[in-house]
Amino acid sequence: MSALPWWKTAVVYQIYPRSFADANGDGVGEIEGVRQHLDHLSWLGVDAIWLSPIFRSPMRDFGYDVADYCDIDPVFGTLADVDALIADAHGRGIRVLLDWVPAHTSSDHPWFVESRSSRLSPKRDWYVWRDPDSDGTVPNNWQRPWPRGGAAWTFDEATGQYWLHSFLPDQPDLNWENPDVVRAMHETLRFWLDRGVDGFRADVVHNIGKDPALKDAPAAAAHVPHCALNHDPRTIDHLRGIRSLLDAYPGERMMVGEVFLMDTSKIPPYYADGEGLHLAFNFPPMFLPWKSESWRGCLEQVQAEFDAIDAWPTWVLSNHDWPRHRTRLGNEPRARAAAMLLLTVRGTPFLYMGEELGLEDAVVPPERAVDPGGRDGCRAPMPWTTSRGHGWPDPAWLPFPPKAGARSVEAEREDPGSMLHLYRRLLQLRRESSALRGGALALLDDVPPGVLAYRRTTPDDERLVAINFEEHEVATASLTGLVEMSTDGRGEGAPFVGRLGADQAVVLRP
Ligand code: NOJ
């Protein structure tokens, strides 16, 4: 197999910096906390980290509202802290991706302050301003997701026009149809590439290109937030420009784009046949029922639509926006089977900090809720130790997930049967198997209902993966091989017995 670029074989680990580790004891995690816990990531075996936004921000959307793309928010540290993190991560062979938020800025960004100051401002056109509709109301029917939905427009009394904000009013959409915006945003990428980052996760990147006609959403979708509908060919053109910028740098810099469209068929165009995004998130699988038929259909679709145009898929079960998969799936055996699926299908897996501990969402009482989008539960702090505070001052900025002591890094490292060890072993297995890292995937037909099985192959390596989605034992006589890994540890090192236990998944070697 010819050498694949790193981002095709890597396992990427998402860090939500506020909640990863707190080095300065203020109850909020920061960059230095990440640097001090690189040991955990090396030991786990991840290849890259992606840090959710650390840029200067008023934090109305916890950093997804950027007020300066080229500086670090004091809550997280300094530019020197990022330099130190990049150097130390690279020293351990771990790449670093930053979260770049190109579709909107904070309303506190000097560009917006200037844009809002007057209709004649040279930066007026850097954002999307429109006159009221003929009836004096919002220019179109676009909706924002939160808080509690509502129009994606806010009226500016002083200048008599509405500004577009696909999210909070404090997050005005940039106008990428203005070449000065494109140039300015390219500069922000160069700033970080010159500092040595390996690439970016691009926030709602499908939302940068818009038809200037800003037509109403179709009536049937009028209730859907526009950020989940926007799908315009202008975005692909912008992505081509970004790709050339990245590819001009040495060292395989990359971009993984958040394309938040709930239709897998719409994702491959964002790769633009190797001239657009290197990778794009494909979120529909995150919302699939835990059923073998659903996952089989999903893998078939990805094979048909991504492989056909040589677009390398990505896989994600959890992130900072949705309930964790351990919470969604309801029990640990299933979460273990899901981890084996995530880490053995063809494509680049993204882990969300704490999933390696089997963390569930925290229960956040209303008086401690802080996120306008109601996403605090999955953003709870990582428990590091079994002792009180779990490595954080009391109280940390959010409450801990359930069973934080038993699910702390300290406790799980000591238990070879823990979720943490399962993840570590799966990562090790991927490293050692070219078939799992980059091989072809063939779904097996001769398996009973409730079981998903696939073979991963390269010319000199092969693995077979079988997952039981049922809560009872299932006979799988057609599957043979040596059990290399089992999600419940049963049968490892012995020939497969032809039965999968409830919720069990295995990797077999021929
Ligand atoms: C997607 C991010 O993942 C989410 O956290 C954020 O609120 C929105 N984009 C707006 O930037």
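**Figure 1. Polar contacts where domain 1 meets domain 2.** Between domain 1 and domain 2 there are seven residue pairs in polar contact, both residues at pLDDT 80 or more. A polar contact here is a pair of N or O atoms within 3.5 Å; within protein, one must be able to donate a hydrogen and the other to accept it, and residues adjacent in sequence count only if both atoms are side-chain atoms. Helix α7 (residues 179-194) gives the largest share of the domain 1 side that touches domain 2, with four residues. (Helices are DSSP runs of H or I, at least four residues, and strands are runs of E, at least two, numbered from the N terminus.) Salt bridges between domain 1 and domain 2? The count is zero; the term means a side-chain nitrogen of Lys or Arg within 4 Å of a carboxyl oxygen of Asp or Glu.

Keep in mind that this is a predicted model: local features need pLDDT of at least 70, side-chain atom pairs count only at pLDDT 80 or more, and totals for chains, interfaces and linings use all residues. Residues are numbered from 1 along each chain as its sequence is written, and side-chain values use heavy atoms, with hydrogens and water left out.

**Figure 2. A salt bridge inside helix α7.** Here D180 pairs up with R183 in a salt bridge, and their closest N and O atoms are 2.6 Å apart. Both residues sit in helix α7, three residues apart, which is about one turn of the helix. D180 is partly exposed, at 35% relative accessible area, while R183 is exposed, at 53%. (Buried means under 20% relative accessible area, exposed over 50%, and partly exposed in between, using a 1.4 Å probe and protein chains only.)

**Figure 3. A salt bridge inside helix α9.** Now look at R296 and E300, whose side chains meet in a salt bridge (3.1 Å, N to O). They lie four residues apart in helix α9 (residues 292-305), again about one turn of the helix. R296 counts as partly exposed at 23% relative accessibility, and so does E300 at 36%.

**Figure 4. A salt bridge between two loops.** R346 and D307 join their side chains in a salt bridge (3.7 Å, N to O). This pair links distant parts of the chain, 39 residues apart: R346 is in the loop between α11 (332-342) and β13 (348-352), and D307 is in the loop between α9 and β12 (314-316). D307 is partly exposed, at 31% relative accessible area.

**Figure 5. A network of salt bridges.** D61, D321, D371, R375 and R379 are linked in a network of salt bridges. Across the whole structure, a search finds 43 salt bridges.
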